[in-house]
Amino acid sequence: MRDVLYFDTARLGRMSPRACRASIDFARLACEHGSTLYSDDFFRFGSASLSDASRERYPGLRDWQGPQQLSRQLSQLMGVPSVDQILFASRSASLMKCAAKLLFRRCRNVLITDLTWPAYERILRREERRTGNRIHKVAVRQQLLQGRLAPSELIDRLAEQFASLHCDGLFLPLVDNLGLHLSDPEIVSRIRSQSELRFCVIDGAQAFRHVPLELDRDYCDFMVAGCHKWLCAHNPMGLGILGRSSSRDYITSTIARWLKNGTIDDPLMVYSQELITGDHFPFGETAPILPLLTANAAAIDASDSATEISPEQSRRDVIECVRQAGWTVVSPESDYASRILLIRPSKIDRSPAMASHHLRRRLLEHQIAATTYDGSLVRLALPRSFQSGALDQLRNALRRINQQSGTAQFSQKSEINFGWN
Amino acid sequence: MGPFERLLHPRVYLPFGVTLAALVFAICWWLPLAAQISIVIGLLSMLIVVTGLTLQKVRSRDAENEAMATLIALASDPEILGRHKLIADSLKSISQRKDSIYRELVLKQLSVLADHSRRLANGSIDYPSTEAWRVVYEELLRSPGLYLYRSVSHIESAHYWQDGPGQQSTTLNIELHDAGIVNIERTAIIADHLWPQDELFPVEPVHAWLKQQYMHGIWIKLARESQLAGERELVSDFGIYGSRAVGMQLADAAGRTIRFELCFDFERVKQAEGIWERLQVFATSYRDLLDRST
């Protein structure tokens with residue numbers, strides 16, 4: 001496992017070293033001391049509340065300086081000016097539910113695209129049914145992947161659809177799960193110049209620590225993100241980021257009400273708000289604390305990380321390597337580019353041996369960790385830096401897989417089906 | 001059946017007519033021309049009289065049929081039929097009293113009642129000089145199937161909806177919107193003295209009232225009354241309950257209700273929607289004002 005080339009950050013990032021140390025030492029603390037009053041102080045005020053002996057004994061916990069410090073770390077990484085703009089939840093789905101409620105409180109017709117993560121779309125649909133409002137879904141994915149819709153055309157299309165469908169709400173991913181990086185600030189700006197946009201939610205799950213969030217451009221009201229992918233905290237923890245200043249009071253006062261009346265039942269969200277605001281909210285249950293510690297540690301690692309190679313260069317290198325191995329790059333060449341690359345063999349093998357899970361296993365046999373989809377599609381999430389020889393290893397692995405499937409049935413059909421579309 | 005009705009029955013008048021015609025023909029055969037003309041004229045006159053009498057009878061039967069049709073139609077609605085009976089009984093009692101002054105007074109009052117009934121039949125219910133309409137308002141907002149309530153508030157007084165009933169209605173709006181039971185949008189037409197041209201927000205407590213609603217997610221838009229100077233028909237105070245009803249409020253200088261009219265006529269709802277749409281062109285969202293303030 002030591003030499004595995006990790007291309008699966010888009011699913012679950014490899015744990016950062018500090019996050020790993022925090023995780024181990026927190027497990028030791030929990031084992032040796034359980035949860036005492038000292039633990040509460042530790043969660044609220046950080047490692048300064050621990051005795052010198054404890055700090056020596058559990059060095060991985062020294063980074064924890066309380067939730068405010070975590071907010072500061074994250075807000076710096078996100079480019080958010082205020083530490084009060086970040087909410088924590090044990091799952092990003094909890095924040096997505098809040099986002100859907102906030103969205104449909106304000107909006108009667110919400111525009112989404114087929115780039116929406118299916119679980120998030122289900123949450124939006126539930127809220128749509130509950131409130132009697134409407135969702136309008138615009139299909140763009142196929143055209144984006146086939147290079148038939150330039151960014152300016154996408155902006156025009158979405159703005160035109162928004163106006164003609166009388167929409168007033170918007171939900172967009174910044175980077176979708178297949179790595180299409182949309183120019184959300186431009187899209188929102190155009191829509192706002194033509195129509196009344198009441199509330200805009202951005203799915204930043206694949207974007208945080210992957211592409212610039214551009215929150216300083218004040219384009220979205222709320223963003224949902226997570227820590228277990230590109231931040232490399234490994235433990236899932238949802239992040240809710242308050243965007244436009246004119247919506248912040250509305251969002252914070254609404255969420256405070258929901259915490260009080262139990263509409264929000266995410267234990268980490270309740271507990272973290274108790275830690276930050278000092279308020280006490282009913283309906284509390286035991287909250288998972290570890291994600292706070294690992295997110296904090298991973299954020300410090302991310303802030304300290306050495307300069308990385310240019311993402312464009314690294315993408316170009318991998319594309320060249322993939323092509324040399326006889327594979328095809330499915331992702332658009334330059335438009336919508338991100339660190340996620342979709343590839344597949346030049347001839348698509350539809351035999352059971354190349355079904356998604358088999359292909360994933362075969363990649364792993366060649367020391368490559370990546371996500372696979374039916375139709376021999378592989379998603380590579382490019383790391384921030386490559387070990388020497390990594391590209392050779394990737395090229396050889398892809399070449400060998402191509403050769404091994406030489407006897408299988410091939411199809412030239414180029415349509416991409418992701419199963420859940 | 002009276003003798004005249006018996007005469008009008010086909011079994012009677014057909015043989016009678018044929019016999020009469022044969023007799024006239026036989027007599028006329030032997031008479032001189034002048035006598036024949038006199039007889040024809042006489043018969044035609046008789047025909048005209050008989051036709052007139054017949055038409056009159058037919059007309060009186062239409063009225064009977066209409067009354068019968070009304071009863072049949074009401075029979076399917078026992079609640080209304082019950083009220084019909086009560087009113088009919090009262091009318092019968094009234095008609096039995098012969099005092100002329102009494103009749104004169106009663107007829108005047110009955111005309112008012114008839115006019116009121118006609119308004120009710122047109123789907124309109126009036127609540128004059130009372131806040132009693134707020135009970136029905138709550139009932140409507142809580143009614144199943146109502147998802148959207150659009151309200152236009154014409155604010156000419158800083159006390160608008162600041163009294164007890166007004167505050168209760170605001171609380172109700174917020175409660176229902178918070179619970180996701182109904183989506184509420186409100187456009188406020190604000191008199192210029194309450195929203196001076198050089199001020200970003202209206203004066204207190206109007207601003208606080210609007211902000212409170214905005215903070216609960218109610219979409220708020222504002223327009224200065226002077227902006228609508230050329231569109232006076234847009235300056236009104238009403239609420240559209242889904243596509244079910246429209247309520248029009250008339251308030252006094254203190255913001256108290258003078259009259260409230262609730263109308264369930266779809267055409268009126270459509271008209272109100274038209275006004276709402278036009279108002280949106282002139283109004284600015286409260287969010288835009290907040291954007292400008294930061």
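Helices (H or I, at least four residues) and strands (E, at least two) are DSSP runs, numbered from the N terminus. We're working with a predicted model, where local features need pLDDT of at least 70, side-chain atom pairs count only at pLDDT 80 or more, and totals for chains, interfaces and linings use all residues. Residues are numbered from 1 along each chain as its sequence is written, while chains are lettered from A and ligands numbered from 1 in the order in which they are written.

**Exercise 1. Work out what chain A looks like overall.**

Step 1: Start with the elements: chain A has 15 helices and 15 strands.

Step 2: Now put a box around the chain. Along the principal axes, the C-alpha atoms of chain A fill roughly 65 × 55 × 35 Å.

Step 3: Try the globule rule, which is 2.2 Å times the number of residues to the power 0.38, with the radius of gyration taken over C-alpha atoms. For 421 residues a compact globule would come out near 22 Å, and chain A has 22 Å, so the two agree.

Step 4: Check burial. A residue is buried if 20 or more other C-beta atoms lie within 10 Å of its own, exposed if 12 or fewer, and partly exposed in between, with C-beta atoms placed from the backbone. In chain A, 49% of the 421 residues count as buried.

**Exercise 2. Find the partners of strand β3 of chain A.**

Step 1: Recall that strands of a sheet pair through backbone hydrogen bonds, either parallel or antiparallel. Here, two strands pair if DSSP finds at least two bridges between them.

Step 2: Look at one partner. β3(A) (residues 109–113) and β4(A) (residues 134–138) run parallel and are joined by five bridges; within this pairing, A:N109 has A:R134 as its bridge partner.

Step 3: Look at another. Two bridges link β3(A) in the parallel sense to β5(A) (residues 169–173), and A:L111 stands opposite A:L170 there.

Step 4: Follow the chain through helix α6 (residues 118–131): β3(A), α6 and β4(A) make a right-handed β-α-β unit. Right-handed means that, with the strands pointing away from the viewer, the path from the first strand over the helix to the second runs clockwise.

Step 5: Four of the five residues of β3(A) are buried, so this strand is largely enclosed by the rest of the structure.

**Exercise 3. Describe the sheet of chain A that contains β9.**

Step 1: Write down the order, β9-β10-β14-β13, for an open sheet of four strands with antiparallel pairing. Its edge strands are β9 (327–329) and β13 (371–373), each pairing on one side only.

Step 2: Zoom in on β9(A), which three bridges join to β10(A) (residues 340–345). A:T328 has A:R344 as its bridge partner.

Step 3: Add helix α13 (residues 311–324) of chain A, which lies across β9, β10 and β14 (377–381) and runs at about 145° to β9(A). Such axes are lines fitted to C-alpha atoms, for helices over the stretch in contact, and angles run from 0 to 180 degrees between N-to-C directions.

**Exercise 4. Compare the expected and actual span of helix α5 of chain B.**

Step 1: The expected span is 1.5 Å times one less than the number of residues.

Step 2: α5(B) (residues 100–121) has 22 residues and should span 32 Å; its end C-alpha atoms are 30 Å apart, which agrees.

Step 3: None of those 22 residues is buried, so α5(B) lies largely in the open.

Step 4: Past the helix comes B:G123, whose phi is positive, near 95°.

Definitions and conventions: Contact = placed C-beta atoms within 7 Å.
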